[in-house]
Amino acid sequence: MMRTRPLKVALLGCGVVGSEVARIMTTHADDLAQRIGAPVELTGVAVRRPSRVREGIDPGLVTTDATALVKRGDIDVVVEVIGGIEPARSLITTAFEHGASVVSANKALLAQDGAALHAVAEEHGRDLYYEAAVAGAIPLIRPLRESLAGDKVNRVLGIVNGTTNFILDKMDSTGAGYQEALDEATALGYAEADPTADVEAFDAAAKAAILAGIAFHTRVRLDDVYREGMTEVTAADFASAKEMGCTIKLLAICERAADGGSVTARVHPAMIPLSHPLASVRGAYNAVFVESDAAGQLMFYGPGAGGAPTASAVLGDLVAVCRNRLNGATGPGESAYAALPVSPMGEVVTRYHISLDVADKPGVLAQVATVFAEHGVSIDTVRQQGKDGEASLVVVTHRASDASLSGTVEALRKLDTVRGVASIMRVEGE
């Protein structure tokens with residue numbers, strides 16, 4: 001039976017995502033009411049610029065006083081899409097304290113203070129949902145948190161930033177340099193005027209922290225995630241990748257150690273075989289590959305950003321939270337019972353592709369091989385090309401720790417025959 005009294009929703013932020021949330025709530029109001037069991041009513045919209053025209057939104061709902069809105073006491077659900085740390089953190093906490101559940105798309109805040117926010121939500125018996133914080137429209141957090149709750153997830157490997165994937169895909173398919181590909185991404189609206197959060201992997205690192213925490217039932221904060229941007233990736237790197245039957249992606253990688261006693265979370269560019277499903281993810285799309293004991297290998301794919309796709313995830317959470325509200329229940333909260341330690345990057349084991357500029361004379365290869373052997377790094381393949389006294393030496397290793405590889409590179413730089421280290425890139429997705 002349909003309840004006639006509407007559930008009241010407050011919207012914090014009305015930009016690209018917030019305006020789409022408001023539009024869908026209005027245009028699909030009847031369907032949403034049927035799915036929830038009660039109407040949902042947008043009762044306030046907090047913005048910074050009240051004079052701006054917002055099509056389809058009653059100007060009488062617009063306010064600049066977000067704090068007063070979340071303190072009203074009659075709000076059932078607060079939808080937070082303003083982003084950043086403050087005032088979002090204070091507003092979400094205040095919403096819980098005044099009886100509202102929260103739906104958020106705020107990856108940076110959740111990666112930094114997710115545990116504290118979950119604690120406040122639990123204290124007040126309210127929900128905190130955030131499907132839209134990772135990978136836009138792709139259902140990912142709920143499958144990890146609920147569908148795979150009875151399984152053991154061992155690895156999450158994914159492309160979680162559409163801007164960087166567009167840039168790298170353009171470099172791969174056209175041979176463009178980094179700056180040229182970035183300029184095109186900016187012109188098409190995929191990259192912000194200041195793309196730092198994307199290209200330096202801050203955005204992807206926040207998402208990796210969230211995914212690792214959920215997958216491994218362990219608190220993983222942004223500071224625990226190793227982060228390496230993709231601004232140094234060159235056309236020469238792509239040429240080398242193609243010779244290996246690979247392409248290059250900016251990957252978020254969350255792994256459980258083989259002995260199960262620790263986890264790692266990292267984001268960096270990596271070569272990945274063309275045979276791997278993630279290699280075929282093109283343009284601004286996202287995809288996440290999950291490996292677990294019972295389910296095996298799963299892949300989640302779709303648009304990872306944009307107003308409508310992200311709003312789709314927000315509305316999915318809104319429906320779930322409203323249903324919980326009607327039933328007097330709450331959904332899953334934080335699960336951090338495993339409390340596994342997060343290992344530093346130096347302990348991560350993977351393969352490496354190293355390109356060296358060396359003197360083109362006898363004995364160079366033997367010197368280089370000796371350095372690798374002295375540091376316990378096994379070589380898989382070596383390729384050398386040179387003329388006029390200069391040469392390029394490309395070494396691909398077997399699996400080695402980041403610390404041992406770092407020691408190897410430091411020793412290589414001291415060789416008189418090594419002119420420089422042109423590039424170092426990890427190889428993933430074996």
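**Close-up views of a predicted model**

**View 1. Exposed and buried residues of helix α13 in the predicted model.** A373 and E374 of α13 are exposed, on the other side of the helix from its buried residues. Helix α13 comprises residues 364-374, and the residues buried in α13 are V364, V368, V371 and F372. Viewed down the axis of α13, these buried residues lie within an arc of 100 degrees, and they therefore line one face of the helix. G376 follows α13 and has a positive phi, near 70 degrees.

**View 2. The kink in helix α5.** Helix α5 spans residues 107-123 and contains a kink of about 85 degrees. The kink is centred on D113, and D113 is itself one of the buried residues of α5. The others that are buried in this helix include L109, L110, A111, G114 and L117, as well as H118, V120 and A121. Just after α5, the residue G125 adopts a positive phi of about 65 degrees.

**View 3. The surroundings of helix α5.** The buried residues of α5 are covered by several elements, including the helices α4 (88-97), α6 (141-147) and α10 (202-216). Strands β5 (101-104) and β6 (128-129) are also among the elements that cover them.

**View 4. A nonpolar patch on the surface.** Y285, M299 and Y301 together make a nonpolar surface patch of about 300 Å². Of these residues, Y285 belongs to strand β11, which covers residues 285-292. Y285 counts as partly exposed because its relative accessibility is 37%, a value between the limits of 20% for buried and 50% for exposed residues.

Note on methods. Residues numbered from 1 in each chain as written. Predicted model: local features only at pLDDT ≥ 70, side-chain atom pairs only at ≥ 80, totals over all residues. Heavy atoms only, no water. Buried < 20%, exposed > 50% of the residue type's maximum accessible area, 1.4 Å probe, protein only. Helix = DSSP H or I, 4+ residues; strand = E, 2+ residues; numbered from the N terminus. Arc of directions from axis to C-beta. Bend = angle between axes of the 7 residues up to and from the residue. Contact = heavy atoms within 4.5 Å. Patch = residues over 30% accessible without salt bridge, like charges linked within 9 Å, V, L, I, M, F, W, Y side chains within 5 Å. Areas by Shrake-Rupley, 256 points an atom, 1.4 Å probe, with all protein chains shown as cover. Salt bridge = Lys/Arg side-chain N within 4 Å of Asp/Glu carboxyl O.
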